[in-house]
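This briefing is meant for a reader meeting the structure for the first time. It begins with the surroundings of one residue and then moves to cores, a helix contact and aromatic pairs.

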Amino acid sequence: MVSSTIILVFCLVAFAAIHSFLASLPFKRRLMRVLGSRAETLYMPAYSLIAVITILPLVYLLYKNPGPFLYIVPSPWRWLMVGVQLAAALVAPRALRDAPHRFKIGAQLAGPNNNSESLNIQGIYRWVRDPFLLTGLIIIWFTPFMTLNLLVIYLLASIYLYLGSLHWETRLVAQFGDEYRKYQQRVHRIIPGKSEYY
């Protein structure tokens, strides 16, 4: 039991290390030097594919070694939780569509003084600053059952998502400067709420 948990944690740490390295600015700088402008169109699909491939071993091992059940939510509450998870899964792609300029490598590397893009708050970003953190936590914690190994992975994944959100916010401040700092004062990072961007 302990050994299966350690292997699962190792898989999550390996995924997080690869994911973080590929998202880092030094990697993106090198990619821009090698691929030039093609990096903008190739990066996101390749990054997403690598993320899926590297998370699959963890998913498989969790399926094979879930550990003892801690709880199973009965119907109809189970289906309500699954509905909330599905709604969150639909929101995540919307976050990419509502702010594609945030993910442009050239703009990330340019900094606020050389960035031709404005923050351009629209869509879901009027409600919440980090919809990926919000939807990720909802998808994780609205799972209608819990096993010991799943709990360990969910706790570590939540910490990783939160730390990633802090890092992403630092990068957005570097990318958009004071414009993003003002936005931070008006919109919550995780808890959705009405803002003056309406």
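Leaving aside its neighbours within four places in sequence, Y125 is in contact with A95, D98, A99, R102, F103, P131, F132, Y183 and V187. These contacts, like everything that follows, are read from a predicted model. Y125 also belongs to the largest nonpolar core, where Y125 is one of the four residues that touch the most other members.

**Nonpolar cores**

- The largest nonpolar core has 16 residues, and those that touch the most other members are L119, Y125, Y180 and Y183.
- Two or more residues of this core are given by each of the elements α7 and α8, and the largest share, 4 residues, comes from α7.
- A second, separate core holds 13 residues, including L12, F15, L62 and Y154.
- As background to both cores, nonpolar side chains tend to be buried together in soluble globular proteins.

**The contact of α7 with α8**

- The axes of the helices α7 and α8 come within 6 Å and cross at roughly 135 degrees, which makes α7 oblique to α8.
- On the side of α7 the contact is made by E169, L172, V173 and F176, while α8 brings D178, E179, Y180, R181 and Q184.
- Sorted by character, the residues of this contact divide into 4 nonpolar, 1 polar and 4 charged.

**Aromatic pairs**

- The structure holds 5 aromatic pairs, and one of them joins W141 and Y154 in an edge-to-face arrangement, with 5.6 Å centre to centre and 75 degrees between the planes.
- W141 lies in helix α6 (residues 131–141) and Y154 in helix α7 (residues 148–176), so this pair ties together parts that are 13 residues apart in sequence.
- The two partners fall into separate burial classes: W141 is partly exposed, with a relative accessible area of 32%, whereas Y154 is buried, with a relative accessible area of 14%.
- Y180 and Y183 form another edge-to-face aromatic pair, with 5.3 Å centre to centre and 65 degrees between the planes.
- Because Y180 and Y183 are 3 residues apart in helix α8 (residues 178–186), about one helical turn separates them.
- Y180 counts as buried at 0% relative accessibility, and Y183 likewise counts as buried at 0%.

**Where the topics meet**

- Y180 takes part in the contact of α7 with α8, is paired with Y183, and is listed with Y183 among the core residues that touch the most other members.
- Y183 is in turn one of the residues in contact with Y125.

Notes:
Residues numbered from 1 in each chain as written. Predicted model: local features only at pLDDT ≥ 70, side-chain atom pairs only at ≥ 80, totals over all residues. Heavy atoms only, no water. Phe/Tyr/Trp six-rings, centres within 6.5 Å; stacked < 30°, edge-to-face > 60°. Buried < 20%, exposed > 50% of the residue type's maximum accessible area, 1.4 Å probe, protein only. Axes fitted to C-alpha atoms, helices over the stretch in contact; angles between N-to-C directions. Parallel < 35°, antiparallel > 145°, perpendicular 65-115°, else oblique. Contact = heavy atoms within 4.5 Å. Nonpolar A, V, L, I, M, F, W, Y, C, P; charged D, E, K, R; others polar. Core = buried A, V, L, I, M, F, W, Y, C linked by side-chain atoms within 4.5 Å.
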